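Student: I've just opened this structure and I'd like a close look at a single part of it. Could you pick one residue and work outwards from there?

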Amino acid sequence: MGLAGHSQGQLRRVAATDRPRIAFTLDGALLEALEGDTILTAILTNSRYLRRFEFNGEPRAGFCLMGACQDCWVRQSDGMALRACTTLIESGMTLLTRGADGG
Amino acid sequence: MPSTVIVGAGPAGVRAAETLVQAGIRPTVIDEASISGGQIYRRPPSVFRRDPNALYGFEAKRAGDQHRTFDNLRDQVDYWPNAAVWSAQGRTLSVVTETGPKELRWDRLILATGAMDRVVPFAGWTLPGVYTLGGAQVALKYQACAIGEHPVFIGTGPLLYLAAYQYAAAGVDVRAVLDTAPFAAKCRALPGLMSGGRTFLKGLYYVLRLRARGIQLAAGIRPVAVNPGPDGTVSGVVWHDRRGREKRTACDALAAGFGLRSETQLADLCGVSFVFDPVQRQWLPSQDGEGRADIEGVYLAGDGAAVKGADAAELSGARAAHALLYDLGRAESARELKALNRRLARSERFRRSLEAGAFPFPADLAAGAADDLMICRCEAVTAGELRKSVCELKATELNRAKAFTRLGMGRCQGRVCGPAAAEILAESLGVPLEAVGRLRGQAPVKPVPMTAFLDGAVS
């Protein structure tokens, strides 16, 4: 089983890619998103997961995408917690897949 | 002036607001989203330029109506976008808003809080790349993204076929649509389904279009496991066909959902009593049939009151508003109430044949979760730990089990694990589902930043 050749990110853009580009960093790496992306979209078009589960470190990538399951909280480098599926990405955001305390 | 508040700006909330404004009342409308539409008619951020037909398909006209209606009301309502009600005590709502925390007094309150997917956990469901069916739709409508390049759609309910169709129409390589409901159930439900008219025909169209594209459709299946690839993400799904034969389908994402469950926490905090609905297998806030809850001044509308779909939500939104107006002494609302009741009663037969007939909830799948399967994805509580709380700690209802295991105590407040946990508990105890009760609503119903407590609330 398994599929070769999937893109680097989990999410795949299917339309509306003519939006202005935005730069942000994820765990120190400089990445690109599009204006109007949520933080979840910005991360998951670049990566296959957006955080590590607190209890066992397994990767998580959100679940309900509508602000109900609370499985997509990430942190900014200043410690601010953000729900990735309901917060729009802003230019220059510095995001962390692990808590700001490294936990 | 008395304060009238509507929570939610989906189909029900928008029609309720429209009805009140027409009667000269200026309601406050609280919306978790940045723009009205709810989940079903969710709009992308304004920087997206997308053709509504591509976004909403057959529902483009209805979505457009909804959006225009609310946009035209904007000067006649106090609209609070990006605002979440996190508590309700007495006649006061605690709300986190764009401009900080607020306490909002209400004299009349319409709750149009909507619904989310009903989840049944199976092995691998917490892997990155597994989403709810509603989530898969939100990704597409709100962000113009697919949840993967080669998704599989699994579960049951009308949303299963709708979401898969929308993905296929957007050019995504849908690998399979796997329905736990047997084909025979749909045949038996056919007379009732046909009472749905246009809605039924749309459903049929989605199935036929998926088939015409050569996408594998299977009914009467059982999900077995989502398989992780070397990098820990989804590489495929293992399932049993209707004869119990093991099948494997390679995929890089999975959308899973088993019908919807109503968001009822605020009704609970307002003190509304609950009744068990055997069709939906959920405890729902009780009402008098016209949206009046048993707490004076509280009205219920839309899928948050009982899952009946978007079209019925518009009607029940208008109905709740008319019930409110009638209670204020506007006798002319009586005629409207009668007409709305008639229309809603007509849609009832179709709804029941969907929920109980064509797409029955696979309660046995939920109840039969393996002991090592994580049920609560917030607090990492397994089915085995839940069963142990019954055997060793004598938990005989959900809130006791929650106290013992932490299941449902996490950030989602049991929204995701609640339905499956209730089935597991009922099966372990050998009692009917309603006998294990329901997880009580607790504030905060959504996570709130500490600033909501520290800054001192202003109204």
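Tutor: Sure, let's start at Ile110 of chain B, keeping in mind that this is a predicted model. If you skip its neighbours within four places in sequence, Ile110(B) is in contact with Ile6(B), Ala16(B), Tyr299(B), Ala301(B), Ala320(B), Ala321(B) and Leu324(B).

Now zoom out a little. Ile110(B) belongs to the largest nonpolar core, a set of 166 residues. Along with Ala16(B), Phe153(B), Leu254(B) and Ile375(B), it's among the residues that touch the most other members of that core. Nonpolar side chains do tend to be buried together in soluble globular proteins. Which helix gives this core its largest share? That's H10 of chain B, residues 310-327, with ten residues.

There's also a second, separate core of eight residues, and Ala189(B), Phe350(B), Ala358(B) and Phe359(B) are included in it.

Phe350(B) and Ala358(B) take us to helix H11 of chain B, which runs over residues 333-358. H11(B) has 26 residues and spans 36 Å from its first C-alpha to its last, close to the 38 Å expected at 1.5 Å a residue. Look for a kink of about 30° in H11(B), centred on Glu348(B). Several residues of H11(B) are buried, including Leu340(B), Leu344(B), Phe350(B), Leu354(B) and Ala358(B). An α-helix has 3.6 residues a turn, so residues three or four places apart point the same way. The buried residues of H11(B) pack against H10 of chain B, and also against helices H5 (158-169), H6 (183-188), H7 (190-194) and H8 (198-212) of that chain.

Step back once more and look at the domains. The assignment for chain B gives domain 1 as 4-116 + 261-355, domain 2 as 119-258 and domain 3 as 363-436. The C-alpha centres of domains 1 and 3 of chain B lie 30 Å apart. Their contact takes six residues from each of the two. On the domain 1 side, those residues divide into two nonpolar, two polar and two charged.

Finally, there's the other chain. In all, 50 residues of chain B are in contact with 37 residues of chain A. Elements giving two or more residues to the chain B side include strand S8 (115-117), strand S15 (234-240) and helix H4 (133-143). The largest share of that side, five residues, comes from H4(B). By type, the chain B side divides into 23 nonpolar, 16 polar and eleven charged residues.

Terms used: Residues numbered from 1 in each chain as written. Chains lettered and ligands numbered in written order. Predicted model: local features only at pLDDT ≥ 70, side-chain atom pairs only at ≥ 80, totals over all residues. Domains from an automatic or database assignment. Contact = placed C-beta atoms within 7 Å. Nonpolar A, V, L, I, M, F, W, Y, C, P; charged D, E, K, R; others polar. Core = buried A, V, L, I, M, F, W, Y, C linked by C-beta atoms within 7 Å. Buried ≥ 20, exposed ≤ 12 C-beta atoms within 10 Å, placed from the backbone. Helix = DSSP H or I, 4+ residues; strand = E, 2+ residues; numbered from the N terminus. Expected span 1.5 Å × (residues − 1). Bend = angle between axes of the 7 residues up to and from the residue.
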